[in-house]
Amino acid sequence: MSIKLVAAAAVSLLALASPAFAQDTTLAAREIMTGSYATAEHKLLAQMRFDQRPELQLNLAAIYYATGRVDQARALYEDVLQKDDVPMTVTTDRVAGSHAIAQTGLRYLSQRQHLASR
């Protein structure tokens, strides 16, 4: 049994943390995929008051990444790495662990910062 991640990116660079295909509306997948980041962020933050599931954190990190809040995204990815690695369905035929997704997110953040420093 795997946890449904809500990440299927609107931006190709976000493919790592694109919202998953869960039916769980608390994961804000539809909003993320359509670029409604403010609405998605609001939903995720409201849900995170009750729990800190990795799929919530990874989706919020994807929003922070997409909106240029690199430090906040990094903090969420690092927090996910401190928790147990859980399998997540990222597409209908692909599963990845929460740690692999967070590590990929951190790599993208590093690349983004490296390009910005040029």
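This is a short walk through a predicted model of one protein, from its overall layout to a few single residues.

Let me begin with confidence, since the model is predicted. The protein averages a pLDDT of 80, and 78% of the residues score at least 70. Confidence is not spread evenly: the mean is lowest in strand 1, residues 3–4, at 36, and highest in helix 4, residues 70–81, at 96. Over residues 1–23 the pLDDT is below 50, although in the model this stretch has 87 contacts beyond its near neighbours in sequence.

Now to the overall layout. The secondary structure comes to five helices and three strands, and from the N terminus on, these elements run β-α-α-α-α-β-β-α. The protein has 118 residues, and buried residues make up 45% of them. If we take the contacts between residues at least 6 apart in sequence, 47% of them join residues at least 24 apart. The accessible surface comes to about 6300 Å², and 53% of that surface belongs to carbon and sulfur atoms.

Let us turn to the interior. In soluble globular proteins, nonpolar side chains tend to be buried together. Here, the largest nonpolar core has 27 residues, and those with the most contacts inside it are Leu44, Leu58, Leu60, Ile63, Tyr77 and Leu109. Helix 2, helix 3, helix 4, strand 2 and helix 5 each supply at least two residues of this core, and it is helix 3 that gives the most, with seven residues. To take one of these core residues, which partners does Ile63 touch, not counting residues up to four places away in sequence? They are Ile32, Tyr37, Ala40, Glu41, Leu44 and Arg69.

Next, helix 4, where the confidence is highest. This helix has 12 residues and reaches 17 Å from its first C-alpha to its last, which is close to the 16 Å expected at 1.5 Å a residue. Its buried residues are Val70, Ala73, Arg74, Leu76, Tyr77 and Val80. Seen down the axis of helix 4, these buried residues fall within an arc of 165°, so they line one face of the helix. What do the buried residues of helix 4 pack against? Their partners are helix 2, residues 37–48, helix 3, residues 54–66, and helix 5.

Helix 5 can be read in the same order. It has 19 residues and reaches 27 Å from its first C-alpha to its last, close to the 27 Å expected at 1.5 Å a residue. The buried residues of helix 5 are Ser98, His99, Ile101, Ala102, Gly105, Leu106 and Leu109, and, seen down the helix axis, they fall within an arc of 160°, so they line one face of the helix. These buried residues pack against helix 3, helix 4, strand 2 and strand 3.

Two residues of helix 5 deserve a separate word. Ser98 lies in helix 5, which covers residues 98–116, and Ser98 counts as buried because its relative accessibility is 0%. Leaving out residues up to four places away in sequence, Ser98 touches Pro54, Leu58, Val80, Asp84, Asp85, Val86 and Met88. Gln103 also lies in helix 5, but at 40% relative accessibility Gln103 counts as partly exposed, because buried means under 20% and exposed over 50%. Gln103 and Leu81 are 22 residues apart in sequence and 7.8 Å apart in space, C-alpha to C-alpha.

Gly97 is found in strand 3, residues 94–97. Is Gly97 buried or exposed? With a relative accessible area of 18%, Gly97 is buried, because the cut-off for buried is under 20%. Its C-alpha atom and that of Asp85, 12 residues apart along the chain, are separated by 5.9 Å, and, leaving aside its neighbours within four places in sequence, Gly97 is in contact with Asp85, Val86 and Pro87.

I will finish with a point about the backbone. Most residues other than glycine have a negative phi. Ala28, however, has a phi near 60°, a positive value in a residue other than glycine. Ala28 lies in the loop between strand 1 and helix 1, residues 29–33, and with a relative accessible area of 1% Ala28 is buried.

How values were computed
Residues are numbered from 1 along each chain as its sequence is written. Side-chain values use heavy atoms; hydrogens and water are left out. pLDDT is the predictor's confidence in each residue, from 0 to 100. Helices (H or I, at least four residues) and strands (E, at least two) are DSSP runs, numbered from the N terminus. Contact means heavy atoms within 4.5 Å. Buried means under 20% relative accessible area, exposed over 50%, partly exposed in between (1.4 Å probe, protein chains only). The expected span of a helix is 1.5 Å times one less than its number of residues. The arc is that of the directions from the helix axis to the C-beta atoms. A nonpolar core is a set of buried Ala, Val, Leu, Ile, Met, Phe, Trp, Tyr and Cys residues joined through side-chain atoms within 4.5 Å. Accessible areas come from the Shrake-Rupley method with a 1.4 Å probe; for residues, only the protein chains shown count as cover.
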